[in-house]
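The following questions and answers introduce a structure to a reader who has not met it before. Please consult the sequence and the model while reading.

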Amino acid sequence: MNTVSSAARRARLTGLTASAAAVALLATACGGTGGGSASAPKNFSYLSVTENTTVRAALTTLSKGACADQNKALPLKVETVAQANNDQKLQLLAGQGALPVQFTMGSPALTQQLAKAGKVADLEAKLKSLGVYDQLEPAAVSTIKALYGGKLEVLPYEYNIEGVFYNKKIFQENGLKVPGTWNELVASAARLDAKGIQPFSASGQQGWPLTRLIGNYLYRDIGPDALQKVADGKAKLTDPEYVKAAQEVADLGKKGYFGKGVGSIDYDTSMNQFLTGKAAMLYMGSWALANIADPEQDKIGAANVGFMPFPAVSGGKGSIDQYPSNVGIGITLGAGSFDGKTGDWVSCIAKNYGSTALKDQGTISGFKVNTPVQDANKVTSQVRTTITSAKQNVLWFEALFTTKAQTVSTTNAASLVSGNMSATQFMQTVQDALASQ
Amino acid sequence: MHRVLGDRRAIAILLGPALLVYSLIMLVPMVWSLGYSFTKGNTIDGFTGNGLANFSRLFSDPAVHDALWFTLKYAVAVTVGQVVAGYLLALLYVFFLKRASALVRTLVFFPVVLPTVAVGLLFQRFFQVAPQTGPVNSLLNAVGLDSIDFFGGAGHAFWVLIIMDIWRSMGFYAVLLFAGLVDIPDEVLESARLDGASGLRLIRHIVLPLSLPVLMSSLIFSVNGTLKVFDSIVALTNGGPGNGTTPLTLYMFQTSFTYGDYGYGSTIALLLTVVCLLVTLVVFRVSRRDLTES
């Protein structure tokens with residue numbers, strides 16, 4: 001009797017141990033790196049960043065109009081995540097093999113990492129096989145390729161050039177001409193400041209509107225390969241000519257040209273300061289045309305807004321007609337879920353997105369505008385003409401940086417212009433971040 | 001009962017399920033995390049062995065030194081602030097407001113239940129310099145002083161953080177210490193008063209020693225909470241300007257999830273665990289000695 005009972009207990013204990021081992025194994029399996037598997041998607045799922053409303057609004061318009069059939073076969077489903085958390089979410093989703101059909105990328109470095117791991121569709125091959133590769137503007141394609149190691153890894157939902165938007169009325173009233181060189185720009189700012197007008201509006205909270213100035217100064221001074229040299233290890237940000245660029249921008253802050261508390265100014269506030277006439281100039285990309293065209297936001301009137309290229313640096317190797325350009329926040333498609341229905345959606349987007357975004361959102365994309373759209377105002381026409389005629393494009397300060405260096409650069413920019421960090425310290429900190437990954 | 005508890009198999013069956021669940025949700029992740037400390041990589045590229053490289057990097061990384069220094073500085077300042085403020089409030093409730101303290105207790109406790117993000121935004125507005133001048137800067141202007149960009153430099157931002165976190169949590173410590181103070185027998189206080197002790201002498205020689213156990217508990221609560229601070233800093237400064245207000249927790253989070261360096265992130269987490277353990281042991285030792293003395 002005792003023997004039978006012991007055997008039964010042994011059997012129960014063995015069962016318990018086996019169950020525990022199975023649960024443990026299951027838990028272990030759940031925590032793997034996850035490769036993800038190809039499967040037919042049920043929706044045209046799109047993970048967007050909350051801050052970018054343009055693309056999801058235009059896609060929603062297409063889903064009800066030109067792409068209604070594609071939407072019926074594969075319904076558009078938009079989810080959003082705060083831009084600051086986007087990279088983290090993508091890394092976790094990629095690790096679990098759960099990337100959506102289409103998603104917004106954060107840093108180019110992460111995009112390339114995902115592409116290397118085979119999680120991003122080969123868009124050039126896909127678009128060519130769909131017969132819509134020619135629907136992309138060549139300038140946008142070249143910008144993407146410059147940014148993503150020679151590959152088309154994102155779609156050009158936006159195609160922006162950057163420069164300085166200025167208030168024509170303020171310039172006229174103060175007898176200022178459009179500055180052609182950096183020294184003239186600084187002199188104009190000094191004149192405005194002396195008259196109690198804030199020369200520049202910029203968001204120190206975002207940081208990038210300030211670091212863009214450093215990057216552009218470098219491109220104008222050292223030449224269009226200035227930051228490629230840093231990426232290739234042929235130059236360091238701590239080299240004197242690189243520190244000089246940071247010093248020039250720091251000097252603008254030291255003189256108070258960005259106004260009070262620049263570190264507390266967020267993106268919307270900086271835009272608002274310019275569009276309500278509280279600041280004379282705003283360095284921004286052409287995506288700001290949507291805000292300029294909106295009378296609710298633009299209190300100075302679109303007719304009062306001018307656009308000038310980032311000025312030349314006297315004696316510099318760069319040229320004023322080399323435009324800083326970008327394709328906005330990169331949006332790409334997953335490799336595993338790119339099937340026939342996804343292809344139909346992409347074809348429809350390629351043929352119709354350009355006109356829809358320009359007509360409804362007032363924004364310029366890297367897709368061809370197949371249905372003619374009248375420009376909302378003169379400055380939009382000016383920017384569109386500039387885009388078409390631009391001979392050479394350059395990137396921005398952090399474009400070729402690692403995610404860490406990018407974060408370090410943008411989060412320290414406000415300290416640089418508020419005088420809490422010297423130009424040398426700033427460049428050293430970013431260079432250290434570049435070297436540490 | 002004795003027969004059942006003396007049977008090893010019975011003990012295994014009774015404790016087994018709880019032990020299994022505890023192991024799966026507590027021990028396995030901890031050991032797993034420790035294992036990541038010896039690796040390099042992330043969920044996209046996969047993980048490869050990295051030996052002790054993460055540990056040597058930990059010692060030479062200036063950002064870790066800054067974050068550790070900030071964490072300790074913050075923990076000391078907030079712990080002292082919230083326990084002292086809480087104790088003073090508790091004394092106020094017990095000895096001055098007495099039965100009328102309920103309303104004040106509720107009002108002072110109110111920030112404890114507010115969401116951290118809301119408190120962070122409130123303090124941002126309170127201390128802002130642009131685009132609008134906040135109440136603090138308005139006050140400075142009113143007395144003829146210039147506005148201060150509180151979030152422009154790490155020094156000022158640190159003190160705003162300290163003020164915010166003390167304000168946010170002192171109500172909790174006041175209630176905790178209040179419970180300890182009301183436990184002191186009235187007869188002891190009465191006899192001390194008859195012996196001529198009053199005011200500060202009464203507090204120094206009678207109230208403080210008798211409330212020492214609950215004071216020590218508050219210290220342990222506070223130190224552990226402040227060493228692991230995360231949400232309030234993210235809400236108020238997000239670790240900036242630069243990394244001026246970045247504690248170890250935030251640096252660990254950024255390293256793992258923003259920079260995709262899970263191995264090094266785990267090593268930073270391990271450092272934080274060791275710091276928490278050491279500080280708790282020190283507080284325990286001090287508390288045991290003091291209790292014996294009292």
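**Salt bridges, a disulfide, a helix and a surface patch**

Q: In this predicted model, is K128(A) buried, partly exposed or exposed?
A: The relative accessibility of K128(A) is 47%. Buried residues lie under 20% and exposed ones over 50%. K128(A) therefore counts as partly exposed.

Q: Which residue forms a salt bridge with K128(A), with the closest N and O atoms 2.9 Å apart?
A: The partner belongs to helix 6 (residues 123-130) of chain A, four residues from K128(A), so about one helical turn separates the two. This partner is buried, with a relative accessible area of 18%. The residue is E124(A).

Q: Salt bridges that share partners join E124(A), K128(A) and which other residue into one network?
A: A search over all chains finds eight salt bridges. Among them is the bridge between E124(A) and K128(A). The network that holds these two also includes K145(A).

Q: How many residues apart in sequence are the parts that R212(A) and E162(A) tie together?
A: The side chains of R212(A) and E162(A) meet in a salt bridge, at 2.9 Å from N to O. R212(A) lies in helix 10 (residues 208-221) of chain A and E162(A) in strand 4 (residues 160-167) of chain A, so the pair ties together parts whose separation in sequence is 50 residues.

Q: Which residue does a disulfide join to C67(A)?
A: The structure holds one disulfide over all chains. C67(A) is in the loop between helix 2 (54-64) and helix 3 (68-73) of chain A, and its partner, 281 residues apart, is in helix 15 (residues 340-361) of chain A. The partner is buried, with a relative accessible area of 5%. With S to S at 2.0 Å, the residue joined to C67(A) is C348(A).

Q: At which residue does helix 17 of chain A bend?
A: Helix 17 (residues 403-417) of chain A has 15 residues and should span 21 Å at 1.5 Å a residue; its end C-alpha atoms are 22 Å apart, which agrees. The helix is mostly covered, as 12 of its 15 residues are buried. Its bend, of about 30 degrees, is at T411(A).

Q: What is the accessible area of the nonpolar surface patch that holds I25(B)?
A: I25(B) is in helix 2 (residues 8-36) of chain B and is exposed, with a relative accessible area of 59%. The patch is formed by V21(B), Y22(B), I25(B), M26(B), L27(B) and M30(B). Together they have an accessible area of about 590 Å².

Note on methods
Residues numbered from 1 in each chain as written. Chains lettered and ligands numbered in written order. Predicted model: local features only at pLDDT ≥ 70, side-chain atom pairs only at ≥ 80, totals over all residues. Heavy atoms only, no water. Patch = residues over 30% accessible without salt bridge, like charges linked within 9 Å, V, L, I, M, F, W, Y side chains within 5 Å. Areas by Shrake-Rupley, 256 points an atom, 1.4 Å probe, with all protein chains shown as cover. Salt bridge = Lys/Arg side-chain N within 4 Å of Asp/Glu carboxyl O. Buried < 20%, exposed > 50% of the residue type's maximum accessible area, 1.4 Å probe, protein only. Expected span 1.5 Å × (residues − 1). Bend = angle between axes of the 7 residues up to and from the residue. Disulfide = S-S within 2.5 Å.
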